[in-house]
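Colleague: Please take one part of this model and look at it closely, then work outward from there. Keep to what can be read from the atoms.

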Amino acid sequence: MPLTPQAQSLLAMAYRTGAPRFHELSVEQARHSFQKLQYAFRPEAPAVASTVEVPMGRGDGSALLGRLYRPLSSAPDEGLPLLLWFHGGGWCVGDVESYDVLCREIANASGCAVLSVDYRLAPEHPFPAAVNDAAFAYAWVQEHADLLGVDAARIALGGDSAGGNLSIVTALALRDAGGVQPAELILVYPSTEMASGRPSRQRYAEGFLLDQGTLEWFFSRYLPQGGTEDWRASPMRAASLAGLPPMLLVSAEFDPLVDDCAAFAGRVAEEGGEIELHMVPGVIHGFLTLGKYFPESAQTIARIGEWLKRRLLLAAA
């Protein structure tokens with residue numbers, strides 16, 4: 001189908017005459033621009049039962065910060081399933097605060113607790129800092145599930161874009177190390193392969209928000225030494241995608257990554273994995289957090305909520 005009217009309008013604003021392109025901005029300007037977009041077009045924050053700032057202490061005395069959301073439907077002493085969420089933003093922009101509304105919405109839609117992770121960003125902390133933070137967060141949650149009031153046997157990983165990439169990479173590393181796998185993966189237009197020649201990379205290279213220049217801006221800061229072949233940056237390059245948890249993968253029709261997402265889903269299925277691929281028609285990369293603007297955001301959150309309820313909440317009832 002064609003671009004939705006909302007997508008057309010947003011792109012007209014983004015590419016208005018005289019407006020600087022994202023890849024022309026400094027890191028500080030890019031982060032501010034990303035925050036402005038999220039704050040302008042996200043819905044009002046729904047109430048949840050509680051939010052708690054969670055410092056995940058490291059051995060060196062530092063802490064990885066996160067924010068825990070308990071859904072409005074939950075009881076204070078209820079041991080809930082948990083979705084460990086890694087935000088998008090090309091490993092360079094985005095933060096817990098920008099994703100506050102989305103995490104509240106997912107918590108209420110799913111009945112699960114959500115822990116949003118403030119992993120380190122490039123270029124100050126290039127690859128593999130974010131990968132290491134994601135692995136640390138999962139291990140910390142496993143160890144401190146009782147403290148968080150969650151069930152260690154029902155922990156899912158999820159994220160959008162760069163956060164989806166971190167979710168896949170964390171699951172692959174756990175599989176290879178013989179660790180405890182997450183129960184599910186929730187992936188929203190994840191970055192699965194950095195150097196890709198699939199048609200959508202050219203079809204949507206310009207004029208669809210996540211343009212070629214923006215992708216290169218992200219990749220060059222996250223991987224200043226190169227290394228796009230490393231499976232920890234490009235999980236599609238892993239020798240095997242077998243043995244991963246069941247996945248829900250949501251892609252966007254007018255996204256340069258849409259063909260990469262389809263190829264990743266196809267390979268997971270070919271190698272015996274369980275994956276549900278849902279391509280949202282008419283929308284662009286980034287629509288999920290812009291729910292005031294895109295009705296497809298609420299529809300996708302409802303789909304994620306139903307998936308998590310069915311897999312983690314109702315299954316334990």
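Modeller: Asn-108 belongs to helix α3, in what is a predicted model. Its relative accessibility is 27%, so Asn-108 is classed as partly exposed; the class runs from the 20% limit for buried to the 50% limit for exposed. Along the chain Asn-108 is 36 residues from Leu-72, yet their C-alpha atoms are 6.0 Å apart.

The helix that carries Asn-108 also borders an enclosed space. Of the elements that line the largest cavity, α3 gives the most, with three residues. The volume of this cavity is about 40 Å³, and the structure has one cavity of 30 Å³ or more. Its lining consists of Gln-38, Arg-42, Pro-43, Ser-98, Val-101, Leu-102, Glu-105, Leu-288 and Thr-289. Sorted by class, four of the lining residues are nonpolar, three are polar and two are charged.

There is an open space to consider as well. The largest pocket has a volume of about 960 Å³ and a lining of 41 residues. Nearest its centre are Phe-22, Ser-33, Phe-34, Leu-37 and Leu-209. Helices α1, α2 and α8 each contribute at least two residues to the lining, and the largest share, nine residues, comes from α2. The lining of this pocket breaks down into 23 nonpolar, 13 polar and five charged residues.

One of the helices in that lining is α1. Its buried residues are Ala-7, Leu-10 and Leu-11. These three span an arc of only 100° around the axis, so they lie on the same side of α1. In general, an α-helix has 3.6 residues a turn, so residues three or four places apart point the same way. Pro-5 and Ala-12, on the other side of α1, are exposed.

Next come the aromatic rings. Twelve aromatic pairs turn up in a search of the whole structure. Phe-22 and Phe-218 make a tilted pair, with 5.5 Å between centres and 55° between planes. Phe-22 is in the loop between α1 (5-14) and α2 (27-41), while Phe-218 is in helix α8 (residues 212-222), so this pair ties together parts that lie 196 residues apart in sequence. Phe-22 and Phe-218 are both buried. Another pair is made by Trp-91 and Tyr-222: the ring centres are 4.4 Å apart with the planes at 5°, so these rings count as stacked. This pair also links distant parts of the chain, with Trp-91 in the loop between β3 (80-86) and α3 (100-110) and Tyr-222 in helix α8, 131 residues apart. Both Trp-91 and Tyr-222 are buried. Ring pairs join Trp-91 and Tyr-222 with Phe-127 and Phe-219 in a cluster.

Two arginines are placed over rings. In one case the charged end of Arg-58 sits over the ring of Phe-136, at 5.0 Å from the ring centre. In the other, Arg-311 lies over the face of Trp-307, 4.1 Å from the centre of the ring.

To return to the starting point, Asn-108 is a partly exposed residue of helix α3. That helix supplies three residues to the lining of the largest cavity, and the loop before it, between β3 and α3, holds Trp-91 of the pair with Tyr-222.

Definitions and conventions:
Residues numbered from 1 in each chain as written. Predicted model: local features only at pLDDT ≥ 70, side-chain atom pairs only at ≥ 80, totals over all residues. Heavy atoms only, no water. Phe/Tyr/Trp six-rings, centres within 6.5 Å; stacked < 30°, edge-to-face > 60°. Helix = DSSP H or I, 4+ residues; strand = E, 2+ residues; numbered from the N terminus. Buried < 20%, exposed > 50% of the residue type's maximum accessible area, 1.4 Å probe, protein only. Lys NZ or Arg CZ within 6 Å of the ring centre and 35° of its normal. 1 Å grid on protein atoms, 1.4 Å probe; cavity = no way out; pocket = protein on both sides within 12 Å on 5 of 7 lines; lining within 4 Å. Points joined across faces, edges and corners; volume = space filled by probe spheres on them. Nonpolar A, V, L, I, M, F, W, Y, C, P; charged D, E, K, R; others polar. Arc of directions from axis to C-beta.
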